[in-house]
Amino acid sequence: ILSIDPSHTARQVAESRPFFLEGQQYFNTSLDAPLFASQRIRRFDLGFKTAGKLDKTLDLGIFDAISYGSQNDLAADITRQLSAHSSIQAAATSLRSDGLNNDGHFFQFRQDLGTFGFFAQHESTNDTLNGYGHRYNTGFFTSNGGLNMDTEFIEVSPEFTPRLGFV
């Protein structure tokens with residue numbers, strides 16, 4: 001049960017459907033604006049998902065859900081650990097339905113430097129209704145003795161529309 005929240009933005013509730021829970025850690029993009037959120041898929045007739053570690057440095061997740069005659073939702077995510085302290089990640093989403101198409105892309109570089117680190121993210125969408133939009137996010141973070149701090153720069157264009165995710 002969710003409480004009533006009079007905010008102007010959508011709320012992301014926890015996923016509870018078993019099909020989506022299994023392997024969900026392989027589809028994580030930005031924490032505050034994920035490109036893919038399974039809660040956006042209300043129903044589907046046929047689903048395919050494969051996710052896991054291809055080796056000790058490479059994670060892969062691919063997901064496709066089909067609602068016959070109405071919609072196809074696709075998400076793919078790949079993460080490579082470059083070292084014990086750095087990684088790169090790329091993800092893509094695609095929504096196809098009658099009169100509405102939406103493609104999303106996500107790229108991230110992350111570097112941990114002991115108790116400090118930095119990251120850079122680029123997200124983009126191309127939407128039938130809104131055209132091309134982007135979201136740039138870069139920042140620094142620190143974690144030491146239970147104290148976590150971060151600072152970020154975020155730029156989001158008005159046309160950025162991740163229809164399978166959240167802004």
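Helices (H or I, at least four residues) and strands (E, at least two) are DSSP runs, numbered from the N terminus. This is a predicted model: local features need pLDDT of at least 70, side-chain atom pairs count only at pLDDT 80 or more, and totals for chains, interfaces and linings use all residues. Residues are numbered from 1 along each chain as its sequence is written, and side-chain values use heavy atoms, with hydrogens and water left out.

**View 1. The fold runs α-β-β-β-β-β-β-β-β along the sequence.** One helix and eight strands make up the secondary structure. Of the 167 residues, 37% count as buried (under 20% relative accessible area; exposed is over 50%, partly exposed in between; 1.4 Å probe, protein chains only).

**View 2. Phe19 and Phe63 form an aromatic pair.** The structure holds 11 such pairs (rings of Phe, Tyr and Trp, the last by its six-membered ring, with centres within 6.5 Å; planes under 30 degrees apart are stacked, over 60 edge-to-face, the rest tilted). Here the centres lie 5.9 Å apart and the planes meet at 50°, so the pair is tilted. Phe19 sits in helix α1 (residues 18–21) and Phe63 in strand β2 (residues 58–67), so the pair ties together parts 44 residues apart in sequence. Phe19 is partly exposed, at 30% relative accessible area. Phe63 is buried, at 2%.

**View 3. Phe27 and Phe36 form a tilted pair.** Their ring centres are 5.9 Å apart, with planes at 55°. Both residues are buried.

**View 4. Six phenylalanines form one aromatic cluster: Phe19, Phe20, Phe27, Phe36, Phe44 and Phe63.** The cluster includes Phe19 and Phe63 of View 2. Phe27 and Phe36 of View 3 also belong to the cluster.
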